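Work through the exercises below with the sequence and the model side by side. Each task is followed by a solution that goes step by step.

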Amino acid sequence: MATARQVLCLCAFLSLPHARAEPIRYSVAEESDSGSVVANVAEDAGLAPAQLSARRARLLSEDGRQHLRLEPGTGRLVVAERLDREELCGQSATCTLPFELLLANPVQFFRVEVGVEDINDHAPVFPEERVTLKIVERSDPGSRFPLQVAQDLDVGSNSIQAYSISPDEYFSVAFGSQIKGKKYLELVLEKPLDREETAEMDFSLIAVDGGSPPRSGTTQIHVVIIDVNDNAPIFSQELYVGQVLENAPEGSVVLRVVATDRDAGVNGDISYQISQAGGQSHSAFEIDPMSGEIKLTKPLDFETAENHELSVQATDGGGLSGICRVLVEVVDVNDNAPELVVNSFSSPIPEDALPGTVVALFTVRDRDSGSNGKISCALEDQQSFSLRPAYKNYFELVTVSALDREETARYILTVTATDAGSPPLTTTHTFTVDISDVNDNAPVFNQTSYTMYVRENNVPTVLVGTVGAVDADVGPNAKVTYSLIPAHPTQQPSCSCISVNSENGDVFVLRPLDYEQVRQIEVMVSASDAGSPPLSANVTICLVVVDENDNAPLVLYPSQDSSSPSSELVPVMAEAGYLITKVVAVDTDSGQNSWLSYHLLRATDPGLFVVGAQSGEVRLRRSVTERDAVKQKLVVLVRDNGQPPLSATAAMSALLLSDFSDMRLPHSSLATEDEGSSLTMYLIISLVFISLLFLVSTAAFVICKVCKRKELKDGHVLYGASNLQTNLADAAAAGTLPHAYCYEVSLTTGSGNSEFKFLKPILPSLPPQLHATGGGTNNELDFPCGPDTSGDMEPDNPGMLSAEQFNSLSFN
């Protein structure tokens, strides 16, 4: 024992820097006399005996009982009263007395645990001194008859280790553990019984524990042999588990046990009774002998016992019986309010006390368990003080900011301890803290930042909001003035379009704003008091410009710059749904003001065309017939979703051609139809037009070749007309770039072997920089016309289709 104590002391001494994490552990045998020395706790804690008195050392335990005491003069831990392990811990395998060694000045804790070691001071006790068993003579060898186990209040090796029978040749005893580690005891029949030879027999059942020296208990077994009732009652369960609230009223039904007997008549009539275990009283329960319902005879207390174990015996009319175990679990009810005990309290405190100064130290506890015993502490309506967990269930009341005696000379602090029960129970304690002498309060804005809104095209000097700051001081120190300062130190003075009233903090916008130019303005307002030196605070104002529908849609394609609308080629064999072209438009407004819809406003034949309201795609509503005019004129209305809406129109025309070789005919021929020109004039004009077209095509081909070689050197490929570049650049910047297509018509004066080359969409060939940035700053955009941007546009280009291939395509 001395060696073990020295080892424990050495371990405690080595772990002293971590005293809060690892407790100092000792052990003491139960039944030790009052005054017995357990250990020198001061030495193990690294303290001199003189420090104990100087630092007001004392022992604190959770239950408030002082099983041990501290000798301040020597630092020894001694037994204060006789220790009974069975009274302290019951049948628990281990018994530990935890407590804390508290040093009040300065505050320091040492956790100490004293294990109470069991001694063999209790002998086994059977529930009854004499047990009568009725056994039918027809019982087979190996039949088992349950008996009540003996009870030994000792634990471990000092508990019951074996059972024996003396003397008897017909029976043996079986002993072991079953559900949840509970012990069972059964009498085993070794050979058949003969009532005619022996009607009754008696023998002793002995229980022996493992103590040194061992202790034993004895009960007399009286066996009555019967020869009729050969079926004993059998319970439906070996173990019944029931739960009952600790505040359940008297007469409440806990549960019902059920046993059956295969016999008939009197031998099948079953009655129930509760068997009392040795050393325990179950007077809190009673059982209906006929129905098997177990009821309460008095209220239960969870804090006294968390569960109760009963043995219920079912006996039939012939005297046979069966036993089952009943475990009644007491459910905790939140019937204990938290307790708050003040350990130390300091008042008054100086006003220049640093944040974190400990004002009071107190502990809270709750006798309930689970969530009912979980306690939370709160400090009501305080900004200068707070609660800080110190150790386990200890809390410190500390200052969290500088104190101002001129503002508040006394604080009434209410600490509320609330458990987590339902409904929760609370305990309050009031601390009155006097402040013995500061000021210094800067203005404080009522918001950390402000967001204000103004519609574009606003009237000058419009009021958009108000900033407000208050100062806890009084007199001149509380007079707040407002001014604008740069949002960042490196910036120039704030935007001249915003002004703030120095007296009341009203914010004005001095001139009209344009959403398309400025969408957000950020300024900083400073609030300064009139103190000496003045104190100030800054806050950021974010002025958001709200868009209005002041920009009409802009049609990018087809281009509306030329005097005559663009013409689209439509084969007469096209089916309904054929894509003719797509109207592309953008709106510089934002939100729903930029949502565009497309509508067919006018057309030569309105029933022939349909426009996609969202996509702007112009398609055939039906198939083309011979009665349809060759030239169709369309006007598409583009309208935004603003209030009121703004709109624009896109004019175009469509040529219904049976063969694309008709393109060899000059456009003037259509004019001559309208004008009624003569056939001779038509032939002359056609000849001149074809000649000019040949010359222009030859010159354009040579120029195109030269330009492409130059562009390849410069890393650019130009696309078409400059006005389309600008429109597509704007569309890309607005995020509404259409899936346009590039067409090339190659016309010859030969025998009709015209070629129509269909190139891939332009958009997939856009440079990556366009997709990322929305175009360059000079509004120039280069588009390759075809899938191969590095070579010449030769007739055998894989991105082009012949006329026969084109006619076989179906356009979506």
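**Exercise 1. State what share of the residues of the protein chain counts as buried, and describe the accessible surface.**

Solution. Of the 812 residues of the protein chain, 40% count as buried, where buried means under 20% relative accessible area, exposed means over 50%, and partly exposed lies in between (1.4 Å probe, protein chains only). The accessible surface of the chain comes to about 42900 Å², and 52% of it belongs to carbon and sulfur atoms; these areas come from the Shrake-Rupley method with a 1.4 Å probe, and for residues only the protein chains shown count as cover. The model is predicted, so local features need pLDDT of at least 70 and side-chain atom pairs count only at pLDDT 80 or more, while totals for chains, interfaces and linings use all residues. Residues are numbered from 1 along each chain as its sequence is written, and side-chain values use heavy atoms, with hydrogens and water left out.

**Exercise 2. Classify the ring pairs Phe126 with Tyr163 and Phe345 with Phe431, and locate their residues.**

Solution. A search of the whole structure finds 13 aromatic pairs, a pair being two rings of Phe, Tyr or Trp (its six-membered ring) with centres within 6.5 Å, called stacked if the planes are under 30 degrees apart, edge-to-face if over 60, and tilted for the rest. The rings of Phe126 and Tyr163 have centres 6.1 Å apart and planes at 65°, so this pair is edge-to-face. Phe126 lies in the loop between strand 7 (107-117) and strand 8 (130-136), whereas Tyr163 lies in strand 10 (residues 160-166), so the pair ties together parts that are 37 residues apart in sequence. Both Phe126 and Tyr163 are buried.

For the rings of Phe345 and Phe431, the centres are 5.4 Å apart and the planes stand at 45°, so the pair is tilted. Phe345 belongs to strand 24 (residues 339-345) and Phe431 to strand 30 (residues 426-434), so parts 86 residues apart in sequence are tied together. Phe345 is partly exposed, with a relative accessible area of 36%, while Phe431 is buried, with 3%. Together with Phe362 and Phe395, Phe345 and Phe431 form one aromatic cluster.

**Exercise 3. Give the strand order of the sheet that contains strand 37, and identify its edges.**

Solution. The protein chain has nine helices and 50 strands, which are DSSP runs numbered from the N terminus (helices H or I, at least four residues; strands E, at least two). Two strands pair if DSSP finds at least two bridges between them. Three strands form an open sheet in the order 33-37-36, with antiparallel pairing. Strand 33 (462-466) and strand 36 (498-500) stand at the edges with a single partner strand each, so one side of each is left without a neighbour in the sheet. Three bridges join strand 36 to strand 37 (residues 506-509), and Ser499 stands opposite Phe508 in strand 37.

**Exercise 4. Repeat the analysis for the sheet with the order 17-21-20.**

Solution. This open sheet of three strands also has antiparallel pairing. Strand 17 (253-256) and strand 20 (285-287) are the edges, each with a single partner strand, so one side of each lacks a neighbour in the sheet. Strand 17 is joined by three bridges to strand 21 (residues 293-296), and the two run antiparallel. Within strand 21, Glu293 stands opposite Arg256.
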